[in-house]
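Here are my notes on the model, set out as numbered points for you to check against the coordinates. They begin with strand pairing and end with the chain as a whole.

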Amino acid sequence: MLAATNFFRVDDLLVQIYNSEVEMAEKVAEIAQNYLQQVLQQQETAAVLLATGNSQLKFLDALIKLGGVDWSRIILFHLDEYLGITAVHPASFRRYLQERVEKRVSPRQFHYIEGDALEPLIECDRYTKLLQSQPIDLCCLGIGENGHLAFNDPAVANFQDPYSVKLVKLDTANRQQQVNTGQFPNIDSVPQYAFTVTLPLICSAKKIICLAPEKRKAPVVKQMLKGSINTNCPASILRQQSQATLFLDVNSASLSLP
């Protein structure tokens, strides 16, 4: 059984630190597996909201390889998608999740945000109704280098957002991160707008696990944990969520130890 090298709370948020990203991913996979097993002992299905990005790769792979989850009883959603992107585009989050999750586990349902919908506002309404049709049992998150959760960048993040899904303009830091992590060849090729699940919907999840490994995340993790709770760092809202845990490796935690 892997154990955290350090753990502490910042306000209501539990923080756990592991020696490596691999150890962190394997432990989070165990936690997610055990939690979903417990949920399915009490109800017929479980609703899970998934993130994409490099921070999720090892975790999703570890969870699937671990087994022990009855995926035929799991309903999946995802957090965000670029506006105007087709499901076969190399940077599409739908493609990411179809290849890395859906094709490997065959869930009961996987509800995708249709990034290339002809009427984007109607797509927001459609996805909102799907999300609100049952409570979200588990939400898996990453943190952007600008502090975003999903595509809730600082300029558009709203802790009291009246919407569950909305269209937003992506900031320059966010778009540049997509280039830096290899999703797009240059910033001009990154869409300017995207669909995102909002912060209140994320925080409504019964359990939240947030993974933020790698040295490049150390500055924003420090801001999240040691700065004020405000939309300058949207991820800071997790400090008010007692059902949330932030998982770090020693690199991303390097500036944030108590």
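1. In this predicted model, Val165 has Val197 as its bridge partner in S9. That pair can be read alongside the wider pairing of the two strands, since S8 and strand S9 (residues 193-197) run antiparallel and are joined by five bridges.

2. The sheet to which these strands belong is open and has three strands, in the order S5-S9-S8, with antiparallel pairing. Strand S5 (80-82) and strand S8 (165-169) each have a single partner strand and stand at the edges, so that one side of each is left without a neighbour in the sheet. From one strand to the next, the twist averages 20°.

3. Which helix lies across S8 and S9? This is helix H4, residues 120-131, and the angle at which H4 runs to S8 is about 140°.

4. A further open sheet has eight strands with mixed pairing, and its order is S1-S2-S11-S10-S7-S3-S4-S6. Here the edges are taken by strand S1 (6-10) and strand S6 (109-110), each of which has a single partner strand, so one side of each is left without a neighbour in the sheet.

5. Within the eight-strand order, S10 is listed beside S7, and the pairing of strand S7 (residues 138-142) with strand S10 (residues 207-211) is parallel, with five bridges joining them. One residue pair to inspect is Leu138, whose bridge partner in S10 is Lys207.

6. Helix H3 (residues 93-105) lies across strand S3 (46-50), strand S4 (74-78) and S6, and runs at about 150° to S4.

7. Taken over the protein chain, the secondary structure comes to seven helices and eleven strands. The radius of gyration is 17 Å, close to the 18 Å that the globule rule gives for 258 residues, and the chain is therefore as compact as a globular protein of that length. Along the principal axes, the C-alpha atoms fill a box of roughly 50 × 40 × 35 Å.

8. Of the 258 residues, 55% count as buried, while the accessible surface of the chain comes to about 10900 Å², with 48% of it belonging to carbon and sulfur atoms. Among contacts with a separation of 6 or more, 77% are accounted for by residues 24 or more positions apart.

9. As to annotation, an unreviewed UniProt entry lists residues 21-245 as "domain: Glucosamine/galactosamine-6-phosphate isomerase". Over residues 21-245 the chain is 37% helix and 16% strand, and the C-alpha atoms at the ends are 16 Å apart.

Definitions and conventions: Residues numbered from 1 in each chain as written. Predicted model: local features only at pLDDT ≥ 70, side-chain atom pairs only at ≥ 80, totals over all residues. Heavy atoms only, no water. Pairing = 2+ DSSP bridges. Helix = DSSP H or I, 4+ residues; strand = E, 2+ residues; numbered from the N terminus. Axes fitted to C-alpha atoms, helices over the stretch in contact; angles between N-to-C directions. Contact = heavy atoms within 4.5 Å. UniProt positions renumbered as here; feature names shortened; annotations may be inferred. Rg over C-alpha atoms; globule rule 2.2 N^0.38 Å. Buried < 20%, exposed > 50% of the residue type's maximum accessible area, 1.4 Å probe, protein only. Areas by Shrake-Rupley, 256 points an atom, 1.4 Å probe, with all protein chains shown as cover.
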